[in-house]
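Colleague: I'm new to this one, so could you walk me through how the labels are earned?

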Amino acid sequence: MSTNLSAYLQELRSVIDGALERSLPEGAAPTLVVDAMRHGLMGGGKRLRPCLTLMTAEAVAPLVGLTTPRARLMALPGACAVEMIHCYSLVHDDLPAMDNDTLRRGKPTTHVVFGDGLAILAGDGLLTEAFGLIAASPSPVAAAGAPEAPAERRLRVISVLSAAAGAVGMVGGQAVDLRAAGRVPSHPKEPMGERELRDMHARKTGALIRAAAISGAMIVGVEDSIVAAVDYYAQEVGLAFQIIDDVLDVEGSADDLGKTAGKDAAAGKPTYPALHGIDESRRIAVDCVARAKATLDAAGLGGRLTELADWSLTRTK
Ligand code: GRG
């Protein structure tokens, strides 16, 4: 990653981490559930989804005559909500009934520390608070006097995020993945081809990535054609990230990845390299990024979003 992009993402991450600290219902809710929510939310993670929300808000800000600092503040509650939804999904995904993982972001998973019951509740809490955060006025994550998007735009963002997180999106994709792993007694395992694999990823990870990107553009109030361009960009780069993730799982070293290489293949999960081989998988990802960049160019956007797209192909972890 270029030093510029890396420094920019680091700056966004520290803004997001500060805001996430303020997003928890500290003092108003029983400490034990807030502690479990904090465990799942804080202290790790790349924060790529909320960074994407802030990045798209900043990228489109000039189109509506907004300064980038004001666009960033306006998008901050939505960015936090996106990360809360993502973290809820990780807490639940790690449970014994799902992937049964004991380590996440270098720490014991939430259920390992707090037990399955409280981990389920912590996930429920994060998901629910995420929507409350966007609806709240004044926002608990923004400084006093920070610019706030009109209620109608915040409602649109809630609608976009709930669709992405729900049965049509992430929940639906996770259900299909569970079945593919032979974990649904009522629905026997079925082989997955390219179309089914794409559909599963589009729901399970793609939907929230797209919603993260759209939310940033939508909250500052750009016209629908620009929102559509941002959506297409996120769809294509999101898929490129996923494909490279599969490739790195096959060829990356455990040191670089911070996890056991080859875990997906060993678990019998359908992957791009398994379907297409490594070289063809990389070629598909390159094509995705090329289409995304062309769409950005046509919409008069670019800059950091282009750099992020390029990094999706060159990253090693
Ligand atoms: C669309 C420009 C653009 C960027 C997308 C969110 C993202 C950036 C990439 C992650 C997509 C991916 C490969 C997901 C794979 C499976 C998954 C859900 C991993 C866990 O999410 P991470 O890697 O985890 O974001 P952390 O702990 O960093 O939050």
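Modeller: Let's begin with a term: a polar contact is a pair of N or O atoms within 3.5 Å; within protein, one must be able to donate a hydrogen and the other to accept it, and residues adjacent in sequence count only if both atoms are side-chain atoms. This is a predicted model, where local features need pLDDT of at least 70 and side-chain atom pairs count only at pLDDT 80 or more, while totals for chains, interfaces and linings use all residues. Residues are numbered from 1 along each chain as its sequence is written, and side-chain values use heavy atoms, with hydrogens and water left out.

Colleague: What makes the pair between Lys 46 and the ligand a polar contact?

Modeller: An N or O atom in the Lys 46 side chain sits 2.7 Å from an oxygen atom of the ligand. The limit is 3.5 Å, so the pair counts. Arg 49 also has a polar side-chain atom 2.7 Å from a ligand oxygen, and for Arg 105 the distance is 2.8 Å.

Colleague: Which residues come nearest to the ligand?

Modeller: Lys 46, Arg 49, His 86, Arg 105 and Leu 308, out of 17 residues around the ligand. A residue is near a molecule or strand if one of its heavy atoms lies within 4 Å of it.

Colleague: Why is α4 called roughly antiparallel to α6?

Modeller: Helices here are DSSP runs (H or I, at least four residues; strands are E, at least two), numbered from the N terminus. Axes are lines fitted to C-alpha atoms, for helices over the stretch in contact, and angles run from 0 to 180 degrees between N-to-C directions. The axes of α4 (residues 68–93) and α6 (residues 116–135) come within 8 Å and cross at roughly 165°. Angles under 35 degrees count as roughly parallel, over 145 as roughly antiparallel, 65 to 115 as roughly perpendicular and the rest as oblique. So α4 is roughly antiparallel to α6.

Colleague: Which residues of α4 and α6 meet?

Modeller: Among them are Met 84 and Tyr 88 in α4, and Leu 127 and Phe 131 in α6. Contact means heavy atoms within 4.5 Å.

Colleague: How many residues of each class are in that contact of α4 with α6?

Modeller: There are 16 nonpolar, 3 polar and 2 charged residues. Ala, Val, Leu, Ile, Met, Phe, Trp, Tyr, Cys and Pro count as nonpolar, Asp, Glu, Lys and Arg as charged, and the others, Gly among them, as polar.

Colleague: What makes the peptide bond from Ser 137 to Pro 138 cis?

Modeller: Its omega is near 0°. Pro 138 is in the loop between α6 and α7 (151–165).

Colleague: Where does Arg 47 lie?

Modeller: Arg 47 is in the loop between α2 (31–41) and α3 (48–60). Arg 47 has a positive phi of about 60°, although it is not a glycine.
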